[in-house]
Amino acid sequence: MARILVIDDDAQLRKMLRQMLEKDDHEVFDAINGAMGLELLRENAVDLVITDIFMPVADGISTIMEVYQKFPEMKIIAISGGGRLSSINFLKLAHDVGAH
């Protein structure tokens, strides 16, 4: 069993991920943005962070950078359902700043 933090502003996606992960006996924490996610991470030891890229308040890239800086051994998965607004490959950028 792992302790997993899911950060995403999409309530339905958070709910789906929570249900899937809890079905496999993982303990799940969730947050609606990067700022809230970082607060939860400071308060709870987790094994994995799953974060969206595009969110209000604190986006996924800045969240990944801060998690990686403060918890360099933390496993981080970046997810995204959008980002077609520019030619930047945000998932590659997420990998470059610390996501797995």
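Helices here are DSSP runs of H or I with at least four residues, and strands are E runs of at least two, both numbered from the N terminus. The model you're working with is predicted.

**Exercise 1.** Work out what pattern the protein follows along the sequence, and how its radius of gyration sits against the globule rule.

*Solution.* Start by counting elements: there are four helices and four strands. Now read along the sequence, and you get β-α-β-α-β-α-β-α. Next, take the radius of gyration, 13 Å; the globule rule gives 13 Å for 100 residues, so the protein is as compact as a globular protein of that length. For its extent, the C-alpha trace spans about 40 × 30 × 20 Å along the principal axes.

**Exercise 2.** Find which residues touch the most other members of the largest nonpolar core, and which elements give two or more residues to this core.

*Solution.* The core has 20 residues, and the ones to pick out are Leu-5, Leu-41, Val-46, Val-49, Ile-64 and Met-74. Then map the core onto the elements: strand 1 (3-7), strand 2 (27-31), helix 2 (34-43), helix 3 (60-70) and helix 4 (90-96) each give two or more residues. Apart from this core lies another, of eight residues, including Leu-17 and Ile-50. Finally, zoom in on Ile-64: leaving aside neighbours within four places in sequence, its contacts include Thr-51, Ile-76, Ala-94 and Gly-98.

**Exercise 3.** Describe the charges and the exposed area of the protein.

*Solution.* Count side chains first: 10 are positive and 16 negative. The centres of the two sets lie 2 Å apart. As for area, the protein exposes about 6100 Å², with carbon and sulfur atoms supplying 56% of it.

Key: Residues are numbered from 1 along each chain as its sequence is written. This is a predicted model: local features need pLDDT of at least 70, side-chain atom pairs count only at pLDDT 80 or more; totals for chains, interfaces and linings use all residues. Side-chain values use heavy atoms; hydrogens and water are left out. A nonpolar core is a set of buried Ala, Val, Leu, Ile, Met, Phe, Trp, Tyr and Cys residues joined through side-chain atoms within 4.5 Å. Buried means under 20% relative accessible area, exposed over 50%, partly exposed in between (1.4 Å probe, protein chains only). Contact means heavy atoms within 4.5 Å. The radius of gyration is taken over C-alpha atoms; the globule rule is 2.2 Å times the number of residues to the power 0.38. Accessible areas come from the Shrake-Rupley method with a 1.4 Å probe; for residues, only the protein chains shown count as cover. Lys and Arg count as positive and Asp and Glu as negative; His and the chain ends are not counted. The place of a charge is taken as NZ of Lys, CZ of Arg, CG of Asp or CD of Glu.
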